[in-house]
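Colleague: I'd like to learn how to read a model like this one, feature by feature. Could you take me through it?

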Amino acid sequence: MIPATEPRPSPDALLAHAAREGRGRLKIFIGAAPGVGKTWAMLDDAHRKHAEGIDVLAALIETHGRAETQAKLAGLPQLPRKPVIYRGRALAEMDLDTLLQRRPALALIDELAHTNADGGRHEKRWQDVEEVLAAGIDVFTTLNIQHIETLNDTVARITGVRVRETVPDRVLEMADEIELIDLPPDELVSRLKQGKIYPQDQAARALTSFFAKGNLTALRELALRATADRVDAQLREHMAANAITGPWPAQERILVCVNESPAAREAIRVAKRSADRARAEWIALNVVQTRAETLPETDKDRLAGTLRLAERLGAELATLDAERDVAQAILSYAADRNVRRIIIGRPRRRPLWARLVTEDVAAHLLRQSGRFEITLAAEPDERSPKRRWHLPWSGGEPRSWAEAPVAVTLASVCAFAAERLFPVASLSLIFMTAVVVVASRRGMGPSALASVLGFLSYDLFFVDPRLTFTVTDRSELLTLCLFLVASLITGNLAARLRARIEAQATIAERTNKLYDFSRRVAAAATAYDVIWASVSHVATTLRCEAVLLMPEPGGELQVVGGFPPEDRLEVRDQSAAQFTWDKGEPAGRGSDTLPTARWFFLPLVTAERRLGVLGIAFADDRLLARTDRRLLDALVDQIAMALERLRLTEELSETRLATETERLRTALLSSVSHDLRTPLVTIIGAAGSLADAPDLAPAARQDLAENIREEGERLDRYVQNLLDMTRLGHGALKPHMAPLDLAELVGSARHRLRGPLRAHQVLAELPDTLPLVLADGVLLEQVLVNVLDNAAKYAPAGSTIVLAARTAGAKVDLSVSDTGIGIPPAEQQRVFDMFYRVAEGDRQRAGTGLGLAICKGLIEAMGGTIRAETASQDGPGTRIVITLPLFNPETSA
């Protein structure tokens, strides 16, 4: 059997190590900014590996036109790039399939954060690297600090430039080795001025923005700290996997122990100051014991306040369960987290009985600290109120102690009866049962009293000579002593079990209340729902009145919700609420500020801002119980987080709306500036020719006039589309439904498009018996014009455009088919979205992207549908199918 003190490898670390078996090793060359030499360092390392006989393959190296980098690449086997067509441009990406088939021992893949062109297996290059590693191939890669996802916002605030390509932090955690490539800012600026990073025109702009010396210094520090954090994490993983007991003096990390002592708050402040000076992370550790629920209310409040202070100051909160040997548990936790320095509050003077039955954690830490540095924080100058004297382990009220003699009296009566009715060998078990009952009901103090009273009663009434405390038989004396010891131990165990059960019940009740509230606010979709759920839940849980106030644009607090409904407060209560909002501190009844107010107010605070104020009041004007204060604090935090979630959601929705509005505005401006300008240029040119050349031949004059007319009609269609889009968007379109002959409408639409359709053969396959349809003639003609114009635009010259119609029950399907390149099946639904245009095929021609979207709006306004499909299963082309209801005289009448 392995001793408990013998260090053993961490199972989690061993599992993580086993998960890496069979995978390639990843080395990341990380830098603070472009141009520090990451690619050069990677190639330099690769040349050394190649010289050692390792199969190295340069899978993808971005030289960016730098001659020295291209020369450094010489001598290494290179993987040919895979050509890719992206948005009409020819690009070259890494050939992942060939790389996996080639299976080198080491692959060089530059720029880990790169986004691949569409059509590849993965969207990001780091995903390619994951697949390469999974195949057992080692990888060297490069990364700039601004591309790490969690540092992206920080870099944007420093430089004013937001980098769009990022990698998740878990990719950095995958790295088996990280090498920081560092370059002083002055040297990096010198390289930039020499044109070794960007061309001269870009370098001048970069010097005043991203490459400003202050920015580079801040980025350099970020890179150093990020690298140090990852190396420290690797060190802790190595210590855990190899059962190495810490701490190793690698990176500064501070642990502060938090309890109910007044000195704990000072210890928190000392830890915060020390962490800021050392720029180190710090952890606030609270050791939870069963006695925590039996502490006086003042101590519970102080502990809760100390933990909230640590959280506000930026500590990482940690909880540790330990009933015995708390000092050793703290040291073990510190060793696991590789902590060197432990800060604790200076221990208070304790009474003699407390020294005998409870552990002196500070003294034990000092004795067992070994390689740890222990700091004792002094108690604050203000003295805590003098404690009222009470017996140790008291069960609370005097009634708890009164149960002990009652239980012993009943046990004595039962023992008398048992002695006369049954041949009982040992009557002491009856007294021991009484001790267990008292312990399970009232705790350790009354159980100890019951043990002593039981011992005396048993000796007085059942040990010879009776009715005296004299014991003549030594064996009886031993029995009495063993009875007393067994009673004390049994009562102690039963009392501990009772205390643990009560603690768990209290925790469960508090957790259930918080869970119920979390569930209610999570289901809330609006701020009003959150406010109503908050005030109603607080009022129901605490059996009080609740009100929530939030600031108006001018800064004055306004009641936004109450339970029971409340819309205004008295002047003194409003002043207390305003103080809470302005100072971020509790105010009102039961506090130190404006205690004459009827309401007690707490601020709703998140890490970034104050959101509002929550107030509670009781019908009988009583004060808030301390046990309820901790629950109220937790509810306040939940309300603040729920309101913050809604605020962030609204901001995100507004951002999306602004982005979409900007996209539509840009598309509309592009349409107006290009698609409307084109026919105007033709009209102006033709009109100018007519005006400047009066002696033109009649045929030429007729041709110019025809161009003016056709381009004018084309311009009229574009303007009509824009007007229809506006009418549809504002809901002002009201179709005038009437029976219509489709043949007449098709003929009218063909006539309006005689110019664009001149290069095509139009075939109308309309049955003579085709019934009338119910539609708006003007709108339906506009739809046919848009669809035919679309077909003429994308169908090749000389091809046939077919209009066909057939009845389908109470509806008619009118289709327009062309033999163009067609619409991909995945895009056939999206072509009816406003400003949407297919990326390939139909996008080869200019257009506004409004035609089909307006067709859909007009047809749906008339009670029909429109869809796009492939013209034929085996060939190209597009078919637009319009479905309209038939005219029914009986229904229309």
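Modeller: Sure. Let's begin with a side-chain pair: the side chains of Lys-27 and Asp-45 make a polar contact at 2.5 Å. Keep in mind throughout that this is a predicted model.

Colleague: Which other side chain does Lys-27 join in a polar contact?

Modeller: That of Glu-179, at 3.0 Å. Lys-27 sits in strand β1, residues 26-31.

Colleague: Is Lys-27 buried or exposed?

Modeller: The cut-off for buried is under 20% relative accessible area. Lys-27 comes in at 7%, so it counts as buried. Setting aside neighbours within four places in sequence, Lys-27 is in contact with Asp-45, Val-139, Phe-140, Thr-141, Glu-177 and Glu-179.

Colleague: What about Asn-286, where is that?

Modeller: In strand β9, which runs over residues 281-288. Asn-286 has 10% relative accessibility, so this one is buried too. A polar atom of the Asn-286 side chain lies 3.1 Å from the backbone oxygen of Val-258. Beyond four places in sequence, the contacts of Asn-286 include Val-258, Asn-259, Leu-303 and Leu-307. Ala-318, Thr-319 and Leu-320 are also in contact with Asn-286.

Colleague: How far apart are the C-alpha atoms of Asn-286 and Ile-330?

Modeller: They are separated by 9.5 Å, with their positions 44 residues apart along the chain. You can read Thr-63 in a similar way: its C-alpha is 8.2 Å from that of Thr-39, and the two are 24 residues apart in sequence.

Colleague: Where does Thr-63 lie?

Modeller: In the loop between β2 (56-60) and α3 (67-73). Being in a loop doesn't settle burial, though, so check the number: Thr-63 has 14% relative accessibility and counts as buried. Leaving out neighbours within four places, Thr-63 is in contact with Thr-69 and Gln-70.

Colleague: Can we step back to the whole chain? How many helices and strands are there in the protein?

Modeller: There are 28 helices and 24 strands. Of the 893 residues, 42% are buried. If you take contacts between residues at least 6 apart in sequence, 68% of them join residues at least 24 apart.

Colleague: Now a helix. Which residues of α25 are buried?

Modeller: Helix α25 covers residues 742-752, and its buried residues are Leu-742, Leu-745, Val-746 and Ala-749. Those residues span an arc of only 100 degrees around the axis, so they fall on the same side of α25.

Colleague: And what covers the buried residues of α25?

Modeller: The cover includes the strands β18 (738-740), β20 (773-775), β21 (800-808) and β22 (811-817), along with the helix α26. Look at the start of α25 as well: a side-chain oxygen of Asp-741 comes within 3.1 Å of the backbone nitrogen of Ala-743.

Colleague: How do you go about finding empty space?

Modeller: The general idea is that rolling a probe the size of a water molecule over the atoms shows where empty space is left. Here the structure holds 4 cavities of 30 Å³ or more. The second largest cavity contains about 100 Å³ of space. Its lining has 11 residues, and those closest to the centre are Asn-790, Ala-791, Asp-818, Thr-878 and Ile-880.

Colleague: Which element gives the most to the lining of the second largest cavity?

Modeller: That's α26, with 4 residues. Both α26 (777-794) and β24 (878-885) supply at least two residues of that lining. By class, the lining of the second largest cavity is made of 7 nonpolar, 2 polar and 2 charged residues.

Colleague: Last topic, the backbone. Which peptide bond is cis?

Modeller: The one from Phe-563 to Pro-564 is cis, with omega near -5 degrees. Pro-564 belongs to the loop between β14 (557-563) and α21 (571-583).

Colleague: And what is phi for Arg-543?

Modeller: Near 55 degrees, a positive value in a residue other than glycine. Arg-543 is in the loop between α20 (527-542) and β13 (545-551), and Arg-543 is exposed at 65% relative accessible area. Leu-594 also has a positive phi, near 50 degrees. You'll find Leu-594 in the loop between β15 (587-588) and β16 (600-605), and at 35% relative accessibility Leu-594 counts as partly exposed.

Definitions and conventions: Residues numbered from 1 in each chain as written. Predicted model: local features only at pLDDT ≥ 70, side-chain atom pairs only at ≥ 80, totals over all residues. Heavy atoms only, no water. 1 Å grid on protein atoms, 1.4 Å probe; cavity = no way out; pocket = protein on both sides within 12 Å on 5 of 7 lines; lining within 4 Å. Points joined across faces, edges and corners; volume = space filled by probe spheres on them. Nonpolar A, V, L, I, M, F, W, Y, C, P; charged D, E, K, R; others polar. Buried < 20%, exposed > 50% of the residue type's maximum accessible area, 1.4 Å probe, protein only. Arc of directions from axis to C-beta. Contact = heavy atoms within 4.5 Å. Polar contact = N/O pair within 3.5 Å; in protein donor to acceptor, adjacent residues only side chain to side chain.
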